[in-house]
Amino acid sequence: MTTRPVPVLALSGSVGVGKTSVLAEMHDVLIGLEMPHACIERDALAYSWPTRGYYNQDVSLLNIASVWSNFSAGGAERLVIAGVIERAADLDGYRRAVPGAEIVVCRLVAPVATRIARLKGREHGAGLAWHLDRTVELDHILDAARLDDFVVGDDARPLRDVALEVLTRAGWLPPAASRT
């Protein structure tokens, strides 16, 4: 049995950059275009303890494989995954979880001040301190890893514009569609 290619668009970037918000906006765009797809917020599939693997990645990858199987059986032909990609092993895990995955990585970026403001608006308690430290740390890790195919800014412009740029640069939309 031959595995069909599955276009996978991986949204990466530091914490607070807007991966989940862009994912949701891209979902709305793709629905409007009637493009069969699925969206996964990777961190949501890793909330368990005891942890297994780096940031509980073993669990999230098992869950991605299960969820993708269900989405695919329901007609999804493409997959968008939001989650930090800081190691080549992260991409290898996606390839194992999604047979036929043809991955394009978009790194979202925003100024540190923007990310800090976003994090302060959503995180609380000990989680806030961790996220504030991690957002700066991840800049250096992601810069060194260089695993992205392209970079898109997510700061002072409408979320729809960011989503359309990501989809266009990933080759999922023709350039004219990004202007609508």
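**Exercise 1. Determine how strand 1 and strand 3 pair, and in which sense.**

Solution. Strand 1 and strand 3 are joined by four bridges in the parallel sense. Strands here are DSSP runs of E with at least two residues, and helices are runs of H or I with at least four, both numbered from the N terminus. Two strands pair if DSSP finds at least two bridges between them. Within strand 3, Ala 82 is the bridge partner of Leu 11.

The model is predicted: local features need pLDDT of at least 70 and side-chain atom pairs 80 or more, while totals for chains, interfaces and linings use all residues. Residues are numbered from 1 along each chain as its sequence is written, and side-chain values use heavy atoms, without hydrogens and water.

**Exercise 2. State the strand order of the open sheet and identify the strands at its edges.**

Solution. The five strands follow the order 2-3-1-4-5, with parallel pairing. Strand 2 (37-41) and strand 5 each have a single partner strand, so one side of each lacks a neighbour in the sheet.

**Exercise 3. Find which strands helix 3 touches, and which strands helix 6 lies across.**

Solution. Helix 3 (residues 88-97) packs on the sheet and touches strand 1, strand 3 and strand 4; contact means heavy atoms within 4.5 Å. The direction of helix 3 makes about 140 degrees with that of strand 4. Angles run from 0 to 180 degrees between N-to-C directions of axes fitted to C-alpha atoms, for helices over the stretch in contact. Helix 6 lies across strand 1, strand 4 and strand 5, at about 170 degrees to strand 5.
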